[in-house]
Amino acid sequence: MSTLLISGGTVVSATGRTRADVLVDGERIVALVEPGSTALGADLASSVDRVVDATDKYVIPGGIDAHTHMELPFGGTQASDTFETGTTAAAWGGTTSIIDFAVQKYGEAVETGLAAWHEKAGGNCAVDYGFHQIIGGVDEQSLKAMETLVDEGITSYKLFMAYPGVFYSDDAQILKAMQKAAELGLMTMMHAENGPAIDVLAEQLYNQGKTGPYFHGIARAWQMEEEATHRAIMLADLTNAPLYVVHVSAKQAVAQLAAARDRGKNVFGETCPQYLYLSLEEQLGAGGEDGFEGAKWVCSTPLRSRAEGHQDAMWAGLRTNDLQMVSTDHCPFCMKDQKELGRGDFRAIPNGIGSIEHRMDLLYQGVVTGELTLERWVELTSTTPARMFGLHGTKGVIAPGADADIVVYDPNGHTSIGYEQTHHMNMDHSAWEGFEIDGHVDVVISRGSVVVSDGAFHGRAGHGKFLKRGLTQYLS
Ligand code: URP
Ligand code: ZN
Ligand code: ZN
Ligand code: ZN
């Protein structure tokens, strides 16, 4: 097995930072060594197979993106990143684990949907991957199938209060699934938007000739998110099921989460870079109310009004721990042939934004502007995802015994996000074009293998292993 020393850097964890060299043997971290220490030999650097110089740089645990949708069949098409292209882009951006959503479609057995996901991902990932299970049709059969998920290493599942006719569950179905989840120790992940009401609003707007992408945001009003978030919290409370609300974007939804947490409930929230930076006015409305440019940013929950202060509320929630995590909800679609499906009818625009490559960089800007500490950045992007989703000890920390998933991040570097040529996601555009990043992902190590260095990719599809996850270990 080969040995690697990451020397001269500042190791940052969720709780502090320290000057230390990190010694890796094979796939694992074996020691943190004080600079100048001779405890492991007088000249450690010359006894290892490879030295990575991290002088003046941060050494952080590899990012964990706990919300991705590779190859998701959705909106009459399929998310454009394969497991290979999506995990390669993840590696470029300093993310060394993803948790993707396996899909049970309505009318299909959970086992069939899960097997299909293993088929898509197996042998194709450049970094490690796990699955959450989407339950798209709660019935006696799928409730029974939930009992097998823990043994499969899938300890969380997602329900949708949105998308009637696709993944939607009604309150009776949600109640039953949560009862089962409470019994099994599964984490319930919720897409909290009132889908039936949204569909009525969307149809009314369309019939008034309001057909552009901007009206996607109008139809999916914040009241629809607040109401569903509240309802999910109450159902979770009643059934004693821990709840994780995905892609939170409305300030009123954060307030619902905060209130429940203040009452001591096991309720958690995730936001995404798009809800921190982008807005209804600037992006969804790009090109005017009828402009189609905004289709690039059609996602659900939608981008929200900056005038109403939702973006500021997301940053505040991350500071106060009313929101615990930042994932991407990476669900890319090209403009050509995909987003184009909804020209003339915003209801037919496939929902999703691609960000997997930029999450670490984008959130680091919060450190640059003083919204977050360096430690909180690591916590939100790596340590909490590991704890929340049963990977703690193996992922999310730089400590002896943990997987050597490590990123050397250069705070003095710079990253320009341009059009399609400047990123590695399988998209014909970027939702982040024009963003200038203070900071740079310099070296990325996945289970001891250097997969990105010197501006080049050295990884391979098939290096990534399936992560059999344990139960949630972090409820705070
Ligand atoms: O617009 C989104 N979020 N697309 C992915 C599916 C989902 O609801 O997470
Ligand atoms: Zn969702
Ligand atoms: Zn999603
Ligand atoms: Zn650099």
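This passage describes how the two domains of a predicted model meet and how one of its helices, α3, is placed.

The chain is divided into domain 1, which is made up of the segments 3–60, 398–414 and 425–457, and domain 2, which covers residues 62–385. The centres of domain 1 and domain 2, taken over C-alpha atoms, are separated by 30 Å. Contact between the domains involves 27 residues of domain 1 and 41 residues of domain 2. On the side of domain 1 that touches domain 2, the elements that give two or more residues are the strands β18 (406–416), β19 (436–446) and β20 (449–453), and the largest share, 6 residues, comes from β19. Sorted by class, this side of domain 1 has 16 nonpolar, 7 polar and 4 charged residues.

Helix α3 consists of 12 residues, 110–121, and should therefore span 16 Å at 1.5 Å a residue, which agrees with the 17 Å found between its end C-alpha atoms. Within α3, the residues Val-110, Gly-113, Leu-114, Trp-117 and Ala-121 are buried, and because these residues cover an arc of only 95° around the axis, they lie on the same side of α3. An α-helix has 3.6 residues a turn, so residues three or four places apart point the same way. On the other side of α3, by contrast, Thr-112, Ala-115 and Glu-119 are exposed. The buried residues of α3 are covered by elements including α2 (83–92), β11 (95–104), β12 (128–135) and α4 (140–145). After α3 comes Gly-123, which has a positive phi, near 75°.

Note on methods. Residues numbered from 1 in each chain as written. Chains lettered and ligands numbered in written order. Predicted model: local features only at pLDDT ≥ 70, side-chain atom pairs only at ≥ 80, totals over all residues. Domains from an automatic or database assignment. Contact = placed C-beta atoms within 7 Å. Helix = DSSP H or I, 4+ residues; strand = E, 2+ residues; numbered from the N terminus. Nonpolar A, V, L, I, M, F, W, Y, C, P; charged D, E, K, R; others polar. Expected span 1.5 Å × (residues − 1). Buried ≥ 20, exposed ≤ 12 C-beta atoms within 10 Å, placed from the backbone. Arc of directions from axis to C-beta.
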